[in-house]
Each structure stands twice: as structure tokens, then as C-alpha cells.
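Got your viewer open? Load the model below and keep the selection box handy.

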Amino acid sequence: MNPYILFILLTALGLGTITTFASSHWLLAWMGLEINTLAIIPLMAQNHHPRAVEAATKYFLTQAAAAATLLFASTTNAWITGQWDIVQLTHPLPLALALTAIALKIGLAPVHSWLPEVLQGLDLTTGLVLSTWQKLAPFALLLQLQTSYSAYPLLIMGILSTLVGGWGGLNQTQLRKILAYSSIAHLGWMVMVMQFSPALTMLTLIIYITMTSSIFLTFKTNNSTTISQLALSWSKAPALTALAPLLLLSLSGLPPLTGFMPKWLIIHELTKQDLLTLATLAALSALLSLYFYLRLSYAMALTTPPNNLVNTSSWRLSPPKVNPLLATSSTATLALLPLTPGMLALFTT
């Protein structure tokens, strides 16, 4: 892609998200979401592959439906109450429509089915943007509305997302679909605790973005899109391949890695709210996710591809380039757990 066009699209992505962040009026928030959507669609279709064009089309139709529903919800609320402020969404009908629209925007269950199909058609760089940056603007709206909702819809959508994310990734062989179901599961954890601790939701979102960035960049460095291709990682980047299982286990939430922090704190918060059944189901869904992360770790670290030659490792023509973003995100993914008290204090003050 032309660098000038790429710069314009990335600037529009940032502008759309910042517009939604800064807006207190529904029309401005809707406009920011639309700028965001229109900016990422050319990035999705830049490969001119039929699968990429299909993914871009599905994403456009889904986001258009969500944006239309959100605009209808805000218009209905203005008609009923005379208010256009985001925090003044008080009538049950606009509240239900807005929650459905935002859930469709970010891929929460039960309106999640577009996310694995869209992510499967994208390259890993655009998939990283879709899985991280594109979640920020809808989450900003959801956090502003969390005082208007009762806890039950968010709890139901949250636990349903964790279960769908766990079950959906079990039988997958495509890495991008596995990461899509991982995204659905992590979003469920965030939504479950949003009503009780918005600061913990923000902490979980930042840690999820850090961990997901490290995994996407690792797969991009190894040029892997399926589980079978992970077996070739040793010959491409041995040091990164040795580190990658730890990154995957951190994403699954095993101690003493960073991914354990948000799950531990969320289960603790749910227990304080006397939601023991919900906390138990969430912990069991984390075990489902752990299974397919272990599959990826096993394929990456403990298998080699079938080879009839005497030498079983392929020749490394050139060493991988040093990626500062990968180094930073990987370090954070592995080593932030001891800083839990300081991070909690930072987000609660």
C-alpha cells in the first residue's frame, strides 16, 4: 500500500477512536465509530484476495448494522427523554438496543459469530489492529453506560462469552480463529466485572491488549497461520520459539505469568459479590481455553515437521529482524504479575 494512503488510514483510525473517547453526545460518538470502521476496511482488503474481500464485506455489513442500531437507540432515547447525552440513556428500550449494538461492535456472545470468520480472512497485522485497537472505542461507550445497566445482562453476556470462547477454540486448526475465540473469552471476563469494578475492567483490557499483541507479533515473525506451521518455528527463530509457549500460557491465565492477574482479581471480585456460581463457571471456562493454548504450545515447542532428509531442521537464510514492540509486549506479558498492587492503585485512584 502507498505510504501516504497508509498514513491517512492510520490517522483516521486514531481520529475515530479519539472522537468517541472525547464525546458526550451520541451523534459524535456514532461519527467516531463510523470513521473507525471506514478507515480499517481498506486495510482489510489491501491484499486483493477473495478471502480478504469477503472478510472486509462481512465486517462492513456487521458494523453498519451495529452502527444503525446504535443510532436508532440514541434517536429513540432523544425522542423519549429529550436528551442526547451518552450518560442520559435511561429508558429500557434504548438501553437494550445500545447494549446489543455495542456487543455486536466488539464481538460479545451471543452476537459473536462474525469475529472468527472476519479474522480468518485477514493478515496478522490487520488482525492485530482488529483484535486490539478496534475494541477501544466501543469499550469507552460501554464504560460510560455501565451505571445505567443492571448487572444481569452484562453478567449473562459475560459468562456466555467466556463459555463460547472456550468451547469454540477447542477444535480449531487455524491460528487466527483460535485468537478470535480467545478474544471473545477475554471480552467476557471484562464485561462480567464491569458493573462492580470499572477500574479492573480497564486493567484487564490493557493486559489483554499487551498479551494479544505479543502473540500476534510472534506468529507474524514466524509467518505461521495454522497449527501445523508452528512446527517449523524452531528453524526460523529458536529463541522466540522457546519463549512463545510462555506467552501462550500467560494468555491462558497460568501463574506466575501476567495473564493470571486479571482472572484472579475478577474471580475475587465476583466472590465478594456472592456470585459463586458465576465465578466457578468462569474458572471452568478458563480450563477450556487452557486446553487449546496447550495445543499450540505443544505444536510449537515439542514437535518437528516430517522430513525425509538427514538434517531435520531447515536452513535459516536470514535471522529475524529485531522488533522492539514484540520485545516490549513479551516482557510485559511474562513479568507484570509482581506489579499487581501498584497497577491496581494506579487504576483505582
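What follows is a short walk through a predicted model, one selection at a time.

**Stop 1: the beginning of the chain.** Select M1, I5, L6 and L10 and show their side chains. Together they make a nonpolar surface patch of about 350 Å². Now click on I5 alone: I5 belongs to helix α1, which covers residues 3–22. Its relative accessible area is 45%, so I5 counts as partly exposed.

**Stop 2: the annotated spans.** Next, colour residues 60–80, 92–115, 151–170, 191–217, 237–254 and 275–294. An unreviewed UniProt entry gives these the feature "transmembrane region". Two of them are worth a look on their own. Pick 92–115 first: 71% of that span is helix and 0% is strand, and its end C-alpha atoms are 27 Å apart. Then pick 151–170, where helix makes up 90% and strand 0%, with 29 Å between the end C-alpha atoms.

**Stop 3: a loop and its partner in space.** Stay around here and select P110. This proline is in the loop between α4 (92–106) and α5 (114–120). With a relative accessibility of 60%, P110 is exposed. Add M157 to the selection and draw a line from C-alpha to C-alpha: the two are 7.1 Å apart in space, although 47 residues separate them in sequence.

**Stop 4: aromatic rings.** The structure has three aromatic pairs, and we'll visit two of them. Jump to F260 and W264. Their ring centres are 5.7 Å apart and the planes meet at 10°, so this pair is stacked. Both residues are in helix α13 (residues 260–272), four residues apart, or about one turn of the helix. F260 is partly exposed because its relative accessibility is 25%; W264 is partly exposed too, at 44%.

Now swap to F292 and Y293. How far apart are the ring centres here, and at what angle are the planes? The centres lie 4.8 Å apart and the planes are at 50°, so this pair is tilted. Buried or exposed? F292 and Y293 are both buried.

**Last stop: a charge over a ring.** Finish by selecting K263 and W189. The charged end of K263 sits over the W189 ring, at 5.4 Å from the ring centre. Turn the view until you look down on that ring, and you can leave the tour there.

Notes:
Residues are numbered from 1 along each chain as its sequence is written. This is a predicted model: local features need pLDDT of at least 70, side-chain atom pairs count only at pLDDT 80 or more; totals for chains, interfaces and linings use all residues. Side-chain values use heavy atoms; hydrogens and water are left out. Patches are made of residues with over 30% relative accessible area and no salt bridge: like charges are joined within 9 Å, nonpolar side chains (Val, Leu, Ile, Met, Phe, Trp, Tyr) within 5 Å. Accessible areas come from the Shrake-Rupley method with a 1.4 Å probe; for residues, only the protein chains shown count as cover. A salt bridge is a side-chain nitrogen of Lys or Arg within 4 Å of a carboxyl oxygen of Asp or Glu. Helices (H or I, at least four residues) and strands (E, at least two) are DSSP runs, numbered from the N terminus. Buried means under 20% relative accessible area, exposed over 50%, partly exposed in between (1.4 Å probe, protein chains only). Rings of Phe, Tyr and Trp (its six-membered ring) pair if their centres lie within 6.5 Å; planes under 30 degrees apart count as stacked, over 60 as edge-to-face and the rest as tilted. A charge sits over a ring if NZ of Lys or CZ of Arg is within 6 Å of the ring centre and within 35 degrees of the ring normal. UniProt positions are given in the numbering used here, feature names are shortened, and annotations may be inferred rather than shown by experiment.
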